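Have the model open and the sequence beside it. We'll go through it one piece at a time, starting from a single residue and working outwards.

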Amino acid sequence: MSVRRWGWLSAVALLGVVAGCTSGEQASLASAPPTPTTSAEESATESASPSITRKVPPEQQKRLADLPADQLCGLVEREELSALAFPVERGEFREIGFDPPVRGCTFQASSGGRSVLIGAQPEGFATLGREEVQLGSVRGTRTMRASDCTVFAGVAGATLQVSVTAGEASTAQCEKAELVAEYVLTAVVV
């Protein structure tokens with residue numbers, strides 16, 4: 001009887017684990033490192049694994065090398081980016097440097113000191129990262145520094161750069177940068 005009871009309890013425990021994994025929330029909460037949040041909306045967005053996918057027909061894909069800075073912000077919608085990374089404000093475009101200028105769009109977090117940068121580097125910069133990553137059908141590289149994680153991916157005539165900045169970088173920022181990069185890559189000619 002005791003063995004049968006332990007078997008039943010084990011089955012119930014296993015069922016609870018499987019049910020928790022299918023909802024996505026409990027598994028993510030258990031495996032994610034604790035991060036300070038300031039709003040219920042932010043907590044809910046970050047605890048669920050993003051399941052955003054998109055298919056952009058080839059005739060609608062844009063050449064990253066040809067996009068002006070103000071159009072880089074349109075590669076991802078604010079709501080989509082909030083689901084992939086964390087709640088963000090409207091993107092602000094910028095150009096840095098010269099010959100050629102590095103174009104980018106920065107999305108500041110709705111709260112806290114975090115941000116997401118989507119940028120266009122010159123062709124050939126895809127190998128700037130220290131570690132190789134797979135971004136769907138595209139190979140890229142990533143680099144984690146003290147306060148950010150940056151992913152680079154070679155595309156037609158340019159290099160996509162996605163940087164997620166936080167007070168202290170962790171693998172969570174790299175995972176978010178990879179998700180965003182993979183999502184953006186579907187909208188550009190690779």
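In which strand does Val151 sit? Look in strand 6, which covers residues 148-155. Bear in mind that this is a predicted model. Val151 has a relative accessibility of 0%, so it counts as buried. What does Val151 touch, once residues up to four places away in sequence are set aside? The list is Val133, Leu135, Thr141, Arg142, Leu160, Gln161, Val162, Ala177, Glu178 and Ala181. Take Val133 from that list: it is 18 residues from Val151 along the chain, and the two C-alpha atoms are separated by 8.4 Å.

Stay in strand 6 for a moment and turn to the cysteines. The structure holds 2 disulfides, and if you number the bonded cysteines in sequence order, they pair up 1-2, 3-4. One of these disulfides joins Cys149 and Cys174, with the sulfur atoms 2.0 Å apart. Cys149 belongs to strand 6 and Cys174 to helix 6 (residues 171-185), so to speak two distant parts of the chain, 25 residues apart, linked by the pair. The torsion about this S-S bond is 100°, and the link is right-handed. Both ends are out of the way: Cys149 is buried with a relative accessible area of 0%, and Cys174 is buried with 2%.

Now for the disulfide between Cys73 and Cys105, where the sulfur atoms are 1.9 Å apart. Cys73 is in the loop between helix 4 (69-72) and helix 5 (78-84), while Cys105 is in strand 2 (residues 102-108), so this bond ties together parts that are 32 residues apart in sequence. Is the link right-handed or left-handed? The torsion about the S-S bond is about 105°, so it is right-handed. Cys73 counts as buried at 15% relative accessibility, because the cut-off for buried is under 20%. Cys105 is buried too, at 0%.

Next, the greasy interior. The largest nonpolar core has 36 residues, and the members that touch the most others are Leu64, Leu75, Phe107, Val116, Ile118, Leu160 and Val180. Several elements each supply at least two residues of this core, including helix 5, strand 2, strand 3 (115-122) and strand 7 (158-165). Which element gives the largest share? That's helix 6, with 6 residues. For a closer look, pick Phe107: leaving aside neighbours within four places in sequence, its contacts include Cys73, Val76, Leu81, Val88, Val116 and Ile118. Cys73, from the disulfide with Cys105, is thus also a contact of Phe107.

Finally, the charged side chains. How many salt bridges does the structure hold? There are 5. Asp66 and Arg63 meet in one of them, at 3.1 Å from N to O; Asp66 is exposed at 54%, and Arg63 is partly exposed at 36%. Arg139 pairs with Glu132, their closest N and O atoms being 3.2 Å apart, and here Arg139 is exposed at 57% and Glu132 is exposed at 55%. Asp148 and Arg145 form another salt bridge, again with a closest N to O distance of 3.2 Å. Is Asp148 buried or exposed? At 12% relative accessibility, Asp148 counts as buried, whereas Arg145 is partly exposed at 42%. Glu131, Arg142 and Glu178 are joined into one network by salt bridges that share partners. Two of those names take us back to the start, as Arg142 and Glu178 are among the residues that Val151 touches.

Notes:
Residues numbered from 1 in each chain as written. Predicted model: local features only at pLDDT ≥ 70, side-chain atom pairs only at ≥ 80, totals over all residues. Heavy atoms only, no water. Helix = DSSP H or I, 4+ residues; strand = E, 2+ residues; numbered from the N terminus. Buried < 20%, exposed > 50% of the residue type's maximum accessible area, 1.4 Å probe, protein only. Contact = heavy atoms within 4.5 Å. Disulfide = S-S within 2.5 Å. Core = buried A, V, L, I, M, F, W, Y, C linked by side-chain atoms within 4.5 Å. Salt bridge = Lys/Arg side-chain N within 4 Å of Asp/Glu carboxyl O.
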